[in-house]
Amino acid sequence: GFRRALPYLRKGARVTRTVGLATAIGYSGYCTGVHDALADPEGTTKKIMHQILEHHAKNGEGRAVGAPALLAPDKRDSLLVSRLGNELVVAAQMALAAEADEIHARLASGAKDVDKEADTERLDKIKQHQREFDRKWRFLVIDNDTINAFVTDQLPGVVFVHRGLIKLMERQPERLSFVIGHELSHHLLEHNEQDRRLTAGLSLLQLLVFTAIDPTGLVSFLVELGAMSTLFSYTFQAPSSREHEFEADQLGLQLVVRACRDPREAIRAHEVLARYEQDAGGAPDKTMLGASHPATLERVQRLREALPQAEKDYKQAG
């Protein structure tokens with residue numbers, strides 16, 4: 001009986017060693033990053049900023065365009081993005097305060113169907129976000145022609161907008177406001193954190209699978225690794241990412257309304273993107289397999305469905 005169980009015991013030991021090694025490497029990297037950030041916060045920020053800009057130092061066709069750079073803060077586009085961004089920060093603070101008031105009222109009502117534990121947990125999360133939005137946010141323009149905007153957990157409190165996207169939106173404040181509101185919504189909805197947890201879980205699952213399989217050749221291992229990674233990406237990561245985009249669109253629409261911006265222009269912003277994609281030979285009406293973003297015209301349709309309520313709120317806000 002022991003001899004029959006021996007292969008399984010060996011596999012179990014290999015799984016344990018592999019997971020332990022991966023955990024040790026990840027924890028070591030995390031501790032090193034924390035140590036560097038505490039020892040030299042300004043230097044760490046500059047280093048991260050340079051890495052981010054270097055990664056995005058390409059034009060709309062994907063060609064490198066030289067040294068990465070931020071547009072000077074006193075330039076017109078920088079001032080526009082900063083002004084719109086700070087309006088939206090106030091809108092986000094208002095949205096958080098309103099949600100907190102609703103939860104407090106629900107808890108005070110004493111209704112039997114109130115989930116006190118969930119509401120209390122949400123209040124704690126709202127307080128955390130309120131502290132985050134009380135700090136000084138920065139809205140920076142990357143000086144190249146790429147059509148993009150993003151936030152990253154590497155630099156919390158920073159929203160990046162590429163100059164190419166500003167030009168595509170013809171510098172219209174309502175449309176740009178939605179673009180920035182969409183990115184702030186990713187932060188409010190903690191999408192980066194959710195993506196990070198999903199990626200870590202899938203990586204661990206891959207380690208467990210491959211350790212159990214124990215491929216005999218390096219080539220076959222790499223082939224299987226690529227196939228498994230692609231499978232996990234198509235099955236879990238891409239659908240999750242697409243759903244995050246829909247969620248950020250919906251909350252972004254609410255934020256622009258609270259910032260007293262016409263919600264109809266949010267839809268036009270996506271329509272502009274759809275025309276750009278079509279002119280570039282893309283298919284804005286089709287969601288490609290494995291794509292991180294849903295079809296732009298599908299996003300337009302979702303926003304149109306939410307528009308009546310958004311217009312009602314906009315009119316009530318005066």
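**View 1. What sits over the buried face of α4.** Among the elements covering the buried residues of α4 are α3 and α6 (173–188). This is a predicted model, and this first close-up stays with helix α4, residues 116–134. The buried residues here are Asp119, Leu123, Ile126, His129, Glu132 and Phe133. An α-helix has 3.6 residues a turn, so residues three or four places apart point the same way. As for length, α4 has 19 residues and stretches 27 Å from its first C-alpha to its last, close to the 27 Å expected at 1.5 Å a residue.

**View 2. Helix α3 alongside helix α4.** These two helices pack at an angle of about 155 degrees, and their axes are 10 Å apart. Angles over 145 degrees count as roughly antiparallel, and α3 and α4 are therefore roughly antiparallel to each other. The crossing of α3 past α4 is left-handed. On the α3 side, look for residues including Val89, Ala92, Leu96, Ala100, Ile103 and Leu107. On the α4 side, their partners include Asp119, Leu123, Ile126, His129 and Phe133. Some charged residues join in as well, among them Glu99 and Arg106 from α3 and Lys116 and Arg122 from α4.

**View 3. Helix α3 from end to end, and the glycine after it.** Helix α3 covers residues 76–109. At 1.5 Å a residue, its 34 residues should span 50 Å, and the end C-alpha atoms are indeed 50 Å apart. Just past the end of α3 comes Gly110, with a positive phi of about 70 degrees.

**View 4. Helix α3 against helix α6.** Here the packing angle is about 50 degrees, with the axes 9 Å apart. That makes α3 oblique to α6. The crossing of this pair is right-handed. From α3, the contact uses Leu80, Val81, Leu84, Gly85, Leu88, Val89, Ala92 and Leu96. From α6 come Pro173, Leu176, Ser177, Ile180, Gly181, Leu184 and Leu188.

**View 5. The largest nonpolar core, with Phe139 in the frame.** This core has 46 residues, and those with the most contacts inside it are Phe133, Phe139, Val159, Val161, Met169, Ile180 and Leu184. Helix α3 gives the most to this core, with 10 residues. Zoom in on Phe139 and, leaving out residues up to four places away in sequence, you'll find it touching Val81, Ser82, Gly85, Asn86, Val89, Val159, Ile180 and Leu184. There is also a second, separate core of 10 residues, and Met49, Ile52, Ile142 and Phe150 are among its members.

**View 6. Helices α9 and α10 side by side.** Move along to α9 (residues 264–279) and α10 (residues 296–316), whose axes come within 9 Å and cross at roughly 170 degrees. The two helices are therefore roughly antiparallel to each other. Helix α9 brings Arg264, Ala266, Ile267, His270, Glu271, Leu273, Ala274 and Glu277 to the contact. Helix α10 answers with Thr296, Leu297, Arg299, Val300, Leu303, Arg304, Leu307 and Glu311.

**View 7. Ala295 in the loop between α9 and α10.** This alanine belongs to the loop that links the two helices. At 4% relative accessibility, Ala295 counts as buried, the cut-off being under 20%. Setting aside neighbours within four places in sequence, Ala295 is in contact with Pro284, Asp285, Lys286 and Thr287. Take Asp285: it is 10 residues from Ala295 in sequence, with the two C-alpha atoms 5.4 Å apart in space.

**View 8. Two loop residues with a positive phi.** Most residues other than glycine have a negative phi. Glu170 is not a glycine, yet has a positive phi of about 55 degrees. You'll find Glu170 in the loop between α5 (163–168) and α6, and at 56% relative accessibility it counts as exposed. Cys260 also has a positive phi, near 65 degrees. Cys260 lies in the loop between α8 (218–258) and α9, and its 49% relative accessibility makes it partly exposed.

**View 9. Zooming back out to the protein chain.** The close-ups come from a chain with 10 helices and 3 strands. Starting at the N terminus, its elements run α-α-α-α-β-β-β-α-α-α-α-α-α. Of the 318 residues, 35% are buried. Among contacts between residues at least 6 apart in sequence, 67% join residues at least 24 apart.

Definitions and conventions: Residues are numbered from 1 along each chain as its sequence is written. This is a predicted model: local features need pLDDT of at least 70, side-chain atom pairs count only at pLDDT 80 or more; totals for chains, interfaces and linings use all residues. Side-chain values use heavy atoms; hydrogens and water are left out. A nonpolar core is a set of buried Ala, Val, Leu, Ile, Met, Phe, Trp, Tyr and Cys residues joined through side-chain atoms within 4.5 Å. Buried means under 20% relative accessible area, exposed over 50%, partly exposed in between (1.4 Å probe, protein chains only). Helices (H or I, at least four residues) and strands (E, at least two) are DSSP runs, numbered from the N terminus. Contact means heavy atoms within 4.5 Å. The expected span of a helix is 1.5 Å times one less than its number of residues. Axes are lines fitted to C-alpha atoms, for helices over the stretch in contact, and angles run from 0 to 180 degrees between N-to-C directions. Angles under 35 degrees count as roughly parallel, over 145 as roughly antiparallel, 65 to 115 as roughly perpendicular and the rest as oblique. A crossing is left-handed if the near helix is turned anticlockwise from the far one by less than a right angle, and right-handed if clockwise.
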